[in-house]
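I opened this notebook to record what I looked up, entry by entry. My topics were the surroundings of a helix and of one residue ahead of another helix.

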Amino acid sequence: MNNPTIKRLAEEAKVSVPSNLLVNEWIEHYNHILAQLVIEEIEGYIAECEGDVDYVRFLIDTKLKGGV
């Protein structure tokens, strides 16, 4: 994984999951937390862009997808 934003969010999710869970429970919690963090990241882009949908798409492409 070369995307620094995704790496940061993945690490945040990883340290947020309790360590005393069974593997399948840990994965479920991790996936839920990571999804929440991605949503919060996108909400931040939307707030930053003040309604400019193209700019939101640009930020998602460059910061989350690693494209452009």
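I began at the start of helix 3, where a side-chain oxygen of Asp52 comes to within 3.3 Å of the backbone nitrogen of Asp54. I note that the model is a predicted one.

I next looked up the extent of helix 3, which covers residues 53–65, and its buried residues, which are Val56, Leu59 and Leu64. These residues lie on the same side of helix 3, because they cover an arc of only 85 degrees around the axis. In general, an α-helix has 3.6 residues a turn, so residues three or four places apart point the same way.

I then asked what covers the buried residues of helix 3. The cover includes helix 1 and helix 2, the latter spanning 23–49.

I turned to the opposite face: the side of helix 3 turned away from its buried side carries the exposed residues Asp54, Arg57 and Lys65.

At the other end, I found that Gly66 follows helix 3 and has a positive phi, near 80 degrees.

My last entries concern Asn3, which I located in the segment before helix 1 (4–16). Is Asn3 buried or exposed? I recorded Asn3 as buried, because its relative accessibility is 11% and the cut-off for buried is under 20%.

I checked the polar contacts of the Asn3 side chain. It reaches the backbone nitrogen of Thr5 at 2.9 Å and that of Ile6 at 3.0 Å.

Leaving aside residues up to four places away in sequence, I listed Lys63, Leu64, Lys65 and Gly66 as the residues that Asn3 touches. Of these, Leu64 is also one of the buried residues of helix 3, and Lys65 is among the exposed ones on the face turned away.

Notes:
Residues are numbered from 1 along each chain as its sequence is written. This is a predicted model: local features need pLDDT of at least 70, side-chain atom pairs count only at pLDDT 80 or more; totals for chains, interfaces and linings use all residues. Side-chain values use heavy atoms; hydrogens and water are left out. Helices (H or I, at least four residues) and strands (E, at least two) are DSSP runs, numbered from the N terminus. Buried means under 20% relative accessible area, exposed over 50%, partly exposed in between (1.4 Å probe, protein chains only). A polar contact is a pair of N or O atoms within 3.5 Å; within protein, one must be able to donate a hydrogen and the other to accept it, and residues adjacent in sequence count only if both atoms are side-chain atoms. Contact means heavy atoms within 4.5 Å. The arc is that of the directions from the helix axis to the C-beta atoms.
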